[in-house]
Amino acid sequence: MLKRQKFSFSARAAAIVALAAAAANGAAEAEGVPVTCTNPFSGASWQIAIDYDLKTVDSNPARIDETEISWRDAKDGWRYTLDRKSGALTVILASATGGNFLFDQCRLPD
């Protein structure tokens, strides 16, 4: 019969701390760089998270080059293009009636 090996309290505590640190580090990496965007007409603002290493925006795959960042939101199907120099954000809402364009402004970190 196999004997169950006992771990000391300090070994269990160290393992829990290590797992918590790994989870916190993973969450921080998934969040990306926060960027605040604003609708200039309504004044409404929101944040997007750009992860330059994983090439994602809000966890959506993105094409990131030196001049712009573009992505498609998997939830609503909208397409976004962010000008990295000016912060101009163009949103394309496709629809059966022709769709719409929205023009917003984002403040990119220096």
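A contact is taken here to mean heavy atoms within 4.5 Å. On that basis, in this predicted model, residues 24 or more positions apart account for 18% of the contacts in the chain with a separation of 6 or more. The chain contains 1 helix and 8 strands, and the order of these elements, read from the N terminus, is α-β-β-β-β-β-β-β-β. Of the 110 residues in the chain, 23% are buried. The area exposed by the chain is about 8,400 Å², of which 58% is supplied by carbon and sulfur atoms.

The covalent cross-linking of the chain was examined next. A count of 1 disulfide was obtained, and this disulfide joins Cys 37 to Cys 106, with an S to S distance of 2.0 Å. The link of Cys 37 and Cys 106 is right-handed, with 100° about the S-S bond. Because Cys 37 lies in strand β1 (residues 33–38) and Cys 106 in strand β8, the pair ties together parts of the chain that are 69 residues apart in sequence. Cys 37 has a relative accessible area of 0% and is therefore buried, and Cys 106, at 5% relative accessibility, likewise counts as buried; both assignments rest on the cut-off for burial, which is under 20% relative accessible area.

Strand β8, which spans residues 100–107, also holds Phe 103. In contrast to the buried Cys 106, Phe 103 is exposed, with a relative accessible area of 52%, a value that falls in the exposed class because the cut-off for that class is over 50%. Phe 103 belongs to a nonpolar patch on the surface, which is formed together with Ile 92 and Phe 101. The accessible area of Ile 92, Phe 101 and Phe 103 together is about 320 Å².

Charge pairing between side chains was considered last. Side chains of opposite charge can pair when their charged atoms come close. The structure holds 1 salt bridge, in which the side chains of Glu 68 and Arg 63 meet at 2.8 Å, N to O. With a relative accessible area of 26%, Glu 68 is partly exposed, and Arg 63 is also partly exposed, with a relative accessible area of 46%. Both partners of the salt bridge are placed in this intermediate class because their values lie between the limits of 20% and 50%.

How values were computed: Residues numbered from 1 in each chain as written. Predicted model: local features only at pLDDT ≥ 70, side-chain atom pairs only at ≥ 80, totals over all residues. Heavy atoms only, no water. Salt bridge = Lys/Arg side-chain N within 4 Å of Asp/Glu carboxyl O. Buried < 20%, exposed > 50% of the residue type's maximum accessible area, 1.4 Å probe, protein only. Helix = DSSP H or I, 4+ residues; strand = E, 2+ residues; numbered from the N terminus. Areas by Shrake-Rupley, 256 points an atom, 1.4 Å probe, with all protein chains shown as cover. Patch = residues over 30% accessible without salt bridge, like charges linked within 9 Å, V, L, I, M, F, W, Y side chains within 5 Å. Disulfide = S-S within 2.5 Å.
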